Amino acid sequence: MSKETKVKRRVATSLKNLSPELQEEVRKKYPQGYTDHMIRVDKGPGDFFYAIVLETEDTSYLIKVDVKVDDQLEDDEDKGFYDDDEIKGADEIIDATDDNFEEDE
């Protein structure tokens with residue numbers, strides 16, 4: 001007797017192209033969101049996308065998800081901190097550290 005191994009069908013698709021039933025399966029599998037479960041898929045030099053995996057009985061889905069990197073916050077945090085080659089608040093830091101050190105005589 002030989003064992004029959006069933007090969008799962010492999011599908012790559014976008015999250016927005018999934019049927020409502022499969023979208024519900026994604027919500028069940030990732031109830032807290034899928035941010036921590038995304039994988040980066042490299043397609044070639046400098047070309048990539050992020051995806052999550054969903055397994056059903058007969059199909060393995062690689063689901064492309066849109067990722068928006070919000071780097072504006074970091075830029076806004078730096079504004080005003082480094083002005084005129086001087087760090088704001090540096091004098092207060094120096095004064096505080098001077099009080100904590102004893103000089104060798």
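**Strand pairing around E4**

In the predicted model, Val41 has Phe49 in E3 as its bridge partner. This contact between strands belongs to the antiparallel pairing of strand E2 (residues 39-44) with E3, which extends over 5 bridges. The two strands form a hairpin with 2 residues between them. Gly46, located in the turn of this hairpin, has a positive phi of about 75°.

Strand E3 (residues 47-55) also pairs with E4, again in the antiparallel sense, and 6 bridges are found between E3 and E4. Within this pairing, Ala51 stands opposite Lys64 in E4, and Ile52 has Ile63 in E4 as its bridge partner. The connection from E3 to E4 is likewise a hairpin, here through 3 residues. E3 is thus paired with E2 and with E4.

Strand E4 is further paired with strand E1 (residues 9-14). In contrast to the antiparallel pairing of E3 and E4, E1 and E4 run in the parallel sense, over 6 bridges. Thr13 stands opposite Ile63 in E4. Ile63 therefore appears in two of the pairs described, opposite Thr13 and as the bridge partner of Ile52, a position that follows the pairing of E4 with both E1 and E3. Burial is consistent with this picture: 5 of the 7 residues of strand E4 (residues 59-65) are buried, so E4 is largely enclosed by the rest of the structure.

The strands described above are part of a protein chain with 3 helices and 6 strands. From the N terminus on, the elements run β-α-β-β-β-α-β-β-α.

For the chain as a whole, buried residues make up 14% of the 105 residues. The accessible surface comes to about 9700 Å², and carbon and sulfur atoms contribute 47% of that surface. Among contacts in the protein chain with a separation of 6 or more, 44% involve residues 24 or more positions apart.

Technical notes:
Residues numbered from 1 in each chain as written. Predicted model: local features only at pLDDT ≥ 70, side-chain atom pairs only at ≥ 80, totals over all residues. Heavy atoms only, no water. Helix = DSSP H or I, 4+ residues; strand = E, 2+ residues; numbered from the N terminus. Buried < 20%, exposed > 50% of the residue type's maximum accessible area, 1.4 Å probe, protein only. Contact = heavy atoms within 4.5 Å. Areas by Shrake-Rupley, 256 points an atom, 1.4 Å probe, with all protein chains shown as cover. Pairing = 2+ DSSP bridges.
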